[in-house]
Structure formats: C-alpha cells, structure tokens
Amino acid sequence: MSIETIGWHKGKLRLIDQTELPGKLKYISTDDVNVVWDAIKRLAVRGAPAIGIAGAFGVAVAALKSRAKDCDALKNDVIKAADYLSGSRPTAVNLFWALERMKAVARSGRAENCKRMKQFLLDEAKNILKDDKIRCRKIGENGERLIKEGDGVLTHCNAGALATGGAGTALSAIFSAKRKGRKFTVYVDETRPLLQGARLTAWELLHEKIDTVLITDNMAGQVMKEGKINLVITGADRIALNGDVANKIGTYGIATLAKAHAIPFYIAAPVSTIDFSIKTGGEIPIEQRDADEIIKCGGKRIAPGNVRVYNPAFDVTPSHLIAGIITDKGFVTPPYGKKIPGLGER
Ligand code: MRU
C-alpha cells in the first residue's frame, strides 16, 4: 500500500482517520497524548499492531511535552502516560506490549538527562513502527503459499495496511500471493457493526487490484456451502499460549462454519500479538462498546433507541478450530502445545 497509515512527520504523529474511509482520506496530525487516546478509543486508528504503534508514539509525545526537570520525574510522566493510554482499549495485546517497551526505556537508566531520555523514547516508538513493517513482510512471505491459483479466500474485519505499520497481516499474505502472480478471489465480510471489512478491507484490496467480493457477515455459511471458499485468513488481537485467538466479533462464527465445511481457517499475526502471560483465551478481556454502534448504521438509526443492546467488539476462537497461525517467526500448526511459547522473543 503506498499510503502511510501511521508515521512521524515534523515533530508530530500522523494517522489516517479511518472513521472517514473510504469516503475521505483525512489525516490526524498531533503531539497531544489526549488526541492519541481519543483516536484509539474511537477507532480512528485501529487494528492490533497499529494501536500498539499509536500507543508508543502517544507516550513519546507526552514525554516530549513533559516539563520534568530530572530523569526520575520524566520516568514518572512516562509511566503516567502509558497507564492512561492503556485504558483506551482492552483487547489487543499489542497496545500493552508497546507501552511496556516504552516504560522499559524510561526505567532503563540509560539516559543521562531528560533531553536524552526524550530522544530514546521517540527512537523506541520509531523502532516499534519500523519492526512492525518488517514483521508484516515476513508474515506475507510465510503465508502466501497457502493461497493457490484460483482459490476463494474469505477474510473478516481489516487485517491490512490500515491495521499495521506495514502491509498488514492476513492481507500481507494475500498481497504476497498476488505478487507471486497467482489469481484468486477474496470474499470480504462487511464486519458489522463498524464495517471494517466493507469500508477498509474492500478499499485496500481494490487499491491492489485484487478480485474482491463483498458479502454481509451472515452470508459466510452459504458462500462456503456453494464451494466458493478454499481457505479463511483473519488477523488477531490477542493469542493465548494454547492457540486460542481473540479477533473481531464474528470470527468465532466463521471458524465454526469453516470447520463444518472442512475449510482450513488460518490466523495471521505478529509475535507481538501473542500474550505470553495467559494460558487460554478465557483470560482475554473482551471490549464492550457503545450501544449506538448497533442502534445506528452509517449515522442513521435502524432500531428503537431504547432497545437493550449487547455489543462485544471481539470473540475468542478456540485453538481446535484453527488450522495454523502464520507469524513473522514462522507458520505453526496444531498441536500448538509448546510451539507458541517457543515463539517468545527472549
Ligand atoms: O476493532 P478493530 O477494528 O481494532 O479490530 C481489528 C481486528 O479485529 C483485526 O482483525 C486485528 O486487530 C488484526 S489487525 C492486523
């Protein structure tokens, strides 16, 4: 993708405001940690890796503005900013992983003065962004061979360039397969309630000239039954050590349907999406979002305003439904046993 989802320009964090896509390509340019928090909360920046990168820059801009006079005081400001940003969204572990990396810089004692510590913090945020680009490329390389000439691929939500610092996760595998010269069709779930599939994934795939078919979420079973789908690939927001995966609400249903139709269901994610502290998906916090996201569609009310609503933003797909996990460190298949802990970076 030639457009840049998230970057550092002229002393400011620059994000595409994804709430405006596909109608308008608008940017948010900020050096204010509150604006970063708000952008994450309302999904102006979204997707697990991109949330982590935005969080890291959020800490960096808070540090750059800090009036702390010594390293200890600046370290406290960094911890305060990281704790504040950690309250924006609970499910994608990349946010907490990136915030921990930023806190570790502040705690390291490497900097001899505030100016140096501020520079180290900004460098770390830039490194997180740069690393993610590389991780995306590797996921593409490790996943492309799963997509064969003539295949129908189903994806859910958006796990593309808009969700990462690079080419994406699930979509990176798709883009790499295209670059290998293979022709295939990608079916895109619209992904209610916020329509990341319809608004973002369809936009990215068309931009890359990939044969794209948009369906509503409730059509996936029928499309599978008609024999149009050979494999499913989605991204992930948090992966437990046993291979259970939290991803956008609806993923669990698709994985179940895929199993019923003997279609392989794959996850693509960087190792930074693995939560090495949890054994199973039961420990993953699921974000609950505002009722208005369900009551309204495209700004228009589609249900009685006083109806009770349940709006979990994510679900957990049990590992037994997952045929393989494509990571930047390789492709792991069941039994996941010791394989996922083995992907640990240290
Ligand atoms: O609520 P969102 O849009 O942040 O949810 C995004 C997803 O569920 C993605 O599939 C996931 O973060 C993987 S992004 C590479």
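Which residue forms a salt bridge with arginine 137? I looked this up first and found that arginine 137 pairs with glutamate 141, the closest N and O atoms being 3.1 Å apart; a salt bridge here is a side-chain nitrogen of Lys or Arg within 4 Å of a carboxyl oxygen of Asp or Glu.

**Ground rules.** I am working from a predicted model, in which local features need pLDDT of at least 70 and side-chain atom pairs count only at pLDDT 80 or more, while totals for chains, interfaces and linings use all residues. Residues are numbered from 1 along each chain as its sequence is written, and side-chain values use heavy atoms, with hydrogens and water left out.

**Domains and their interface.** I noted that the chain is divided into domain 1 (6-138) and domain 2 (141-343), with bounds that come from an automatic or database domain assignment. The C-alpha centres of domain 1 and domain 2 lie 25 Å apart. To the contact, domain 1 brings 31 residues and domain 2 brings 36 residues, where contact means heavy atoms within 4.5 Å.

I then looked up the area buried between domain 1 and domain 2, which is about 2,700 Å², with carbon and sulfur atoms giving 53% of it; buried area is the accessible area (1.4 Å probe) that two parts lose on being put together, summed over both. On the domain 1 side, Arg46, Thr91 and Lys138 lose the most area to domain 2, together 23% of what that side buries.

Across this interface of domain 1 and domain 2 I recorded three salt bridges and 20 residue pairs in polar contact, both residues at pLDDT 80 or more. A polar contact is a pair of N or O atoms within 3.5 Å; within protein, one must be able to donate a hydrogen and the other to accept it, and residues adjacent in sequence count only if both atoms are side-chain atoms. The elements that give two or more residues to the side of domain 1 that touches domain 2 are α2 (48-65), α4 (93-107) and α5 (114-143), and α5 gives the most, with seven residues. Helices (H or I, at least four residues) and strands (E, at least two) are DSSP runs, numbered from the N terminus.

**Cysteines.** I checked for disulfides, meaning a pair of cysteine sulfur atoms within 2.5 Å, and the count comes to zero. Cysteine 71 is in no disulfide, and the nearest cysteine sulfur, that of cysteine 114, is 5.0 Å away. Cysteine 114 is not bonded to cysteine 71 because the 5.0 Å between their sulfurs is too far for a bond. Cysteine 114 counts as buried at 12% relative accessibility; buried means under 20% relative accessible area, exposed over 50%, and partly exposed in between (1.4 Å probe, protein chains only).

**Helix α6.** I found helix α6 (residues 170-179) mostly covered, with eight of its 10 residues buried. The buried residues of α6 pack against α5, β4 (152-155), β5, α7 (196-207), β7 (231-234) and β10 (265-268). Just after α6, glycine 181 takes a positive phi of about 95°.

**Two residues in contact with distant parts of the sequence.** Threonine 185 lies in strand β5 (residues 185-189) and counts as buried at 17% relative accessibility. Not counting residues up to four places away in sequence, threonine 185 touches Asp151, Gly152, Val153, Asp211 and Val213. Aspartate 244 sits in the loop between β8 (238-239) and β9 (245-248) and is buried, with a relative accessible area of 10%. Aspartate 244 and valine 316 are 72 residues apart in sequence and 6.6 Å apart in space, C-alpha to C-alpha.

**Backbone angles.** Most residues other than glycine have a negative phi, and most peptide bonds are trans, so I listed the exceptions. One cis peptide bond joins leucine 21 and proline 22, with omega about 5°; proline 22 is in the loop between β2 (12-16) and β3 (27-30). Another cis peptide bond joins proline 334 and proline 335, with omega about 0°. Leucine 43 has a positive phi near 65° and is buried, with a relative accessible area of 5%. Alanine 262 has a positive phi of about 55°, lies in the loop between α9 (251-260) and β10, and counts as exposed at 71% relative accessibility.
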